[in-house]
Amino acid sequence: MVQIGIVGLGCVGLSVVEILNKHAALLEQRCGHALVVKRGVVRDLAKKRPPVDFALSASVDDLLNDPDINLIVELSGQVDLAYQLARHALKQGKGFVTANKAMLAKHQELIHQPIGFEASVGGGIPLIKALKEGLSANAILSIEGVLNGTCNFILEQMDLGQSFEVALQRAQELGYAEASAHLDTSGQDSAHKLLILASLAFGGKIALSSVEVRGIEGIANADLAHAKRLGCCVKLLAQAHQEKGGLTLSVGPVLLPQSHLLAQVKGVMNGAVVVGDSVGETFYYGAGGGGEKLNPLVPWSSRAKPHLGRLTNFGQSPDIVLG
């Protein structure tokens with residue numbers, strides 16, 4: 001039996017518990033061990049939350065000092081706390097799993113430690129595993145991705161005529177965005193995710209300052225209408241390209257031809273195109289995050305042909321866009 005301690009029981013944490021309970025027999029069959037949550041740690045014990053069948057605590061020490069807890073799952077969203085938990089878990093020989101992209105972007109040395117962080121980029125998409133294992137025999141040439149479902153949803157709503165403010169409010173009402181969505185809309189969330197992918201793909205520690213970051217706050221409805229007239233759409237794209245001049249990284253609004261695979265990434269879904277020198281172009285698509293209720297099944301119904309080639313930042317000459 002693997003006994004688990006979970007730090008953070010918000011939407012994502014409770015969804016993890018729900019999945020562990022729902023698929024208990026399946027997970028035991030696949031892992032060879034029963035996965036049982038022994039304790040959860042929350043900030044406020046008095047806060048109303050759905051009932052759980054394990055003990056709750058307000059101190060992470062109750063997890064670290066419990067010899068029966070084999071695995072710590074960190075879903076708090078706090079950078080410093082997550083880092084300290086990771087260090088202590090590794091020191092004590094406990095397993096550690098996190099979805100904390102801001103912490104991993106800041107402390108990239110952990111990316112190459114024996115921890116789990118698949119959900120930190122792309123949510124339910126096995127993108128991390130693809131870079132670590134599936135594409136390990138390739139030199140990665142480029143990564144391009146729609147890595148923030150909140151921004152993707154807002155841009156789609158704006159394309160339908162909603163203002164940025166109304167689209168953001170709608171995203172918050174649906175649970176796609178936090179009360180403060182600045183990390184999303186400024187592009188910083190996508191930049192953190194890009195650093196994780198780039199560190200895996202290209203090696204070394206990459207400074208956040210080396211990423212050119214622009215968000216979607218400056219995009220107007222007229223911009224989206226103009227893009228549509230050009231046969232394009234606007235996506236907040238994270239890009240990493242390895243070229244003779246070195247590694248270039250950027251996050252920002254980009255004009256995409258409607259035929260491009262990433263133009264088909266709808267709503268709060270995520271998508272990424274990774275190019276390896278041997279395998280060529282590979283594509284990954286799926287739910288970007290949140291609980292099950294936030295991610296209804298979305299069928300892939302696109303007839304678009306893959307479109308490979310460098311993309312153009314929004315605002316640059318459109319004749320380059322169509323390649």
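**Polar pairs and nonpolar cores in the predicted model**

The side chain of Glu-144 makes a polar contact with the side chain of His-241, at a distance of 3.1 Å. This contact is taken from a predicted model, in which Glu-144 belongs to strand E6, spanning residues 140–146. With a relative accessible area of 6%, Glu-144 is buried, because that value falls under the 20% limit. A second relation across the sequence involves Leu-249, which is 105 residues from Glu-144 along the chain, while the C-alpha atoms of the two residues are separated by 9.8 Å.

The protein as a whole comprises 323 residues, of which 47% count as buried, and its secondary structure consists of 11 helices and 12 strands. Among contacts with a separation of 6 or more, 65% are accounted for by residues 24 or more positions apart.

Nonpolar residues were examined next. In soluble globular proteins, nonpolar side chains tend to be buried together. The largest nonpolar core of the model contains 68 residues, and those with the most contacts inside this core are Leu-131 and Ile-143. Helix H10 gives the most to the core, contributing nine residues. Because domain 1 (2–124) and domain 2 (140–287) both give residues to this core, the core lies between the two domains. Ile-143, when residues up to four places away in sequence are not counted, touches Leu-131, Leu-197, Ala-201, Phe-202, Ala-238, Gln-239, Ala-240, Val-273 and Val-274. Another core, which lies apart from the largest one, has 12 residues, including Val-17, Val-37, Phe-54 and Val-73.

Charged side chains were then considered. Side chains of opposite charge can pair when their charged atoms come close. A search of the whole structure finds eight salt bridges, and these include pairs within a helix as well as a pair that links distant parts of the chain. Within helix H10, which covers residues 188–202, Asp-189 and Lys-193 are four residues apart, about one turn of the helix. Their salt bridge has its closest N and O atoms 2.8 Å apart. Both partners are buried, because the relative accessibility of Asp-189 is 7% and that of Lys-193 is 6%, each under the 20% limit. Elsewhere, Lys-38, Asp-66 and Asp-68 are joined into one network by salt bridges that share partners.

A further pair within a helix is found in H6 (residues 127–134), where Glu-133 and Lys-129 are likewise separated by four residues, about one turn of the helix. The closest N and O atoms of this salt bridge are 2.9 Å apart. Here the partners are partly exposed, since the relative accessible area is 48% for Glu-133 and 43% for Lys-129, values that lie between the limits of 20% and 50%.

The salt bridge between the side chains of Lys-228 and Asp-159 has an N to O distance of 3.6 Å. This pair links distant parts of the chain, as Lys-228 is placed in helix H11 (residues 221–229) and Asp-159 in helix H7 (residues 149–159), with their positions 69 residues apart in the numbering. Lys-228 counts as partly exposed at 48% relative accessibility, and Asp-159 also counts as partly exposed, at 34%.

Finally, an annotated segment was examined. According to the unreviewed UniProt entry, the annotation "binding site" covers Gly-8, Leu-9, Gly-10, Cys-11, Val-12 and Gly-13. Gly-8 lies in the loop between strand E1 (2–7) and helix H1 (11–22), and Gly-10 is found in the loop between E1 and H1 as well. The two glycines fall into separate accessibility classes, because Gly-8, at 14% relative accessibility, counts as buried, whereas Gly-10, at 41%, counts as partly exposed. When its neighbours within four places in sequence are left aside, Gly-8 is in contact with Gly-13, Val-41, Leu-75 and Ser-76; of these residues, Gly-13 is also covered by the "binding site" annotation in the UniProt record.

How values were computed
Residues are numbered from 1 along each chain as its sequence is written. This is a predicted model: local features need pLDDT of at least 70, side-chain atom pairs count only at pLDDT 80 or more; totals for chains, interfaces and linings use all residues. Side-chain values use heavy atoms; hydrogens and water are left out. A salt bridge is a side-chain nitrogen of Lys or Arg within 4 Å of a carboxyl oxygen of Asp or Glu. Helices (H or I, at least four residues) and strands (E, at least two) are DSSP runs, numbered from the N terminus. Buried means under 20% relative accessible area, exposed over 50%, partly exposed in between (1.4 Å probe, protein chains only). A polar contact is a pair of N or O atoms within 3.5 Å; within protein, one must be able to donate a hydrogen and the other to accept it, and residues adjacent in sequence count only if both atoms are side-chain atoms. UniProt positions are given in the numbering used here, feature names are shortened, and annotations may be inferred rather than shown by experiment. Contact means heavy atoms within 4.5 Å. A nonpolar core is a set of buried Ala, Val, Leu, Ile, Met, Phe, Trp, Tyr and Cys residues joined through side-chain atoms within 4.5 Å. Domain bounds come from an automatic or database domain assignment.
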